[in-house]
Amino acid sequence: MTKKILAAAIITGILGVILYLFFPKDFEEAASTNLEDVPDIYLKDVQIQAFHTSGALAYELRADEIEQFSAQDKMLFKSLKIHVDREDGERWHMNADIGSVQPDAKNPSQFLEPIRLLGAVNVYSGSVDSPEYSFRGADVIFDPKANTVHSDENVSIKAGASSYDANAFHFDLTTKQLRLSSEPGNQVEIQYESSETE
């Protein structure tokens with residue numbers, strides 16, 4: 001009888017060691033989270049003012065939510081609205097579902113980094129109903145240092161009485177210089193609005 005109890009105790013001990021060595025590891029691996037995928041700062045209903053080194057206001061930014069991922073040097077904005085007031089009194093509006101700031105990890109400056117606007121993006125000056133300039137796309141970059149907006153994705157553009165569809169564009173907010181480009185085999189489509197009533 002004692003031999004049976006001793007054999008059962010040894011078998012139970014061996015099974016216990018096996019369970020301890022294998023199952024806790026699997027449980028820990030399943031329960032662990034990659035901390036790079038988790039924001040270390042989370043803010044709601046935020047307003048930010050960014051300034052040039054001269055002290056002039058570069059832009060005002062509002063977002064419903066901001067998440068900062070320090071491990072990835074990345075900041076995400078949700079329901080993003082940016083206002084840029086030019087010295088000539090012109091105001092630019094930039095709206096996007098999501099915005100992302102991701103400085104160059106090799107050379108992070110943390111000063112007026114470009115903001116990538118994603119989702120449904122609308123950049124315009126003047127009124128929303130009758131903008132002087134309008135850029136609609138899904139991936140537009142606002143560079144506050146260079147005062148430019150640009151994209152390497154399809155975009156619809158309105159400039160004065162003309163409308164364009166292009167594969168990429170670059171626009172200088174200061175000089176109003178617009179460069180359009182298209183992929184090989186495609187054309188930049190240009191349409192003119194007529195002021196005449198039919």
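**Exercise 1. Determine how strands β1, β2 and β3 are paired, and state which bridge partners are found for Lys44 and Glu60.**

Solution. Step 1: strand β1, residues 41–51, and strand β2, residues 57–69, pair in the antiparallel sense through ten bridges. Strands here are DSSP runs of E with at least two residues, helices are runs of H or I with at least four residues, and both are numbered from the N terminus. Two strands count as paired if DSSP finds at least two bridges between them. The model is predicted: local features need pLDDT of at least 70, side-chain atom pairs count only at pLDDT 80 or more, and totals for chains, interfaces and linings use all residues. Residues are numbered from 1 along each chain as its sequence is written, and side-chain values use heavy atoms, with hydrogens and water left out.

Step 2: the bridge partner of Lys44 in β2 is Glu65. Five residues lie between the strands of the β1 and β2 hairpin, where Gly55 takes a positive phi near 100 degrees.

Step 3: β2 also runs antiparallel to strand β3, residues 74–85, and nine bridges join the two. In β3, Glu60 has His83 as its bridge partner.

**Exercise 2. Place these strands within the protein chain, giving its number of helices and strands and their order.**

Solution. Step 1: the protein chain contains one helix and twelve strands. Step 2: read from the N terminus, the order is α-β-β-β-β-β-β-β-β-β-β-β-β. Step 3: among contacts (heavy atoms within 4.5 Å) between residues at least 6 apart in sequence, 40% join residues at least 24 apart.

**Exercise 3. Describe the largest nonpolar core and the surroundings of Met94 and Val140.**

Solution. Step 1: of the 198 residues in the protein chain, 30% are buried. Buried denotes under 20% relative accessible area, exposed over 50%, and partly exposed the range in between, with a 1.4 Å probe and protein chains only.

Step 2: the largest nonpolar core has 32 residues, and Tyr59, Ile82, Met94, Phe135 and Val149 have the most contacts inside it. Such a core is a set of buried Ala, Val, Leu, Ile, Met, Phe, Trp, Tyr and Cys residues joined through side-chain atoms within 4.5 Å. Strands that each supply at least two residues of this core include β1, β4 (91–101), β6 (131–143) and β10 (168–172). The largest share, five residues, comes from β2.

Step 3: leaving out residues up to four places away in sequence, Met94 touches ten listed neighbours, among them Ile82, Leu117, Phe142 and Val149.

Step 4: Val140 lies in strand β6 and is buried, with a relative accessible area of 0%. Beyond four places in sequence, the contacts of Val140 include Leu117, Val123, Val149 and Phe169. The C-alpha atoms of Val140 and Leu118 are separated by 6.8 Å, although these positions lie 22 residues apart in chain numbering.

**Exercise 4. Classify the ring pairs Trp92–Tyr133 and Phe135–Phe171.**

Solution. Step 1: the structure holds seven aromatic pairs. Rings of Phe, Tyr and Trp (its six-membered ring) pair if their centres lie within 6.5 Å; planes under 30 degrees apart are stacked, over 60 edge-to-face, and the rest tilted.

Step 2: the ring centres of Trp92 and Tyr133 are 6.0 Å apart and the planes meet at 25 degrees, so this pair is stacked. Because Trp92 belongs to strand β4 and Tyr133 to strand β6, the pair ties together parts 41 residues apart in sequence. Both Trp92 and Tyr133 are buried.

Step 3: Phe135 and Phe171 form a tilted pair, 5.1 Å centre to centre with 50 degrees between the planes. Phe135 lies in strand β6 and Phe171 in strand β10, so parts 36 residues apart in sequence are tied together.

Step 4: Trp92, Tyr133, Phe135, Phe169 and Phe171 form one aromatic cluster.

**Exercise 5. Trace the salt bridges of Lys78 and give the exposure of each partner.**

Solution. Step 1: the whole structure has five salt bridges, each defined by a side-chain nitrogen of Lys or Arg within 4 Å of a carboxyl oxygen of Asp or Glu.

Step 2: Glu65 bridges to Lys78 with the closest N and O atoms 3.8 Å apart. Glu65 is in strand β2 and Lys78 in strand β3, 13 residues apart.

Step 3: Lys78 also bridges to Glu67, at 3.4 Å between the closest N and O atoms. Since Lys78 lies in strand β3 and Glu67 in strand β2, parts eleven residues apart in sequence are tied together.

Step 4: Glu65 is partly exposed at 22% relative accessible area, Lys78 is partly exposed at 33%, and Glu67 is buried at 13%.

Step 5: a further salt bridge joins the side chains of Asp85 and Arg91, at 2.7 Å from N to O. Salt bridges that share partners join Glu65, Glu67 and Lys78 into one network.
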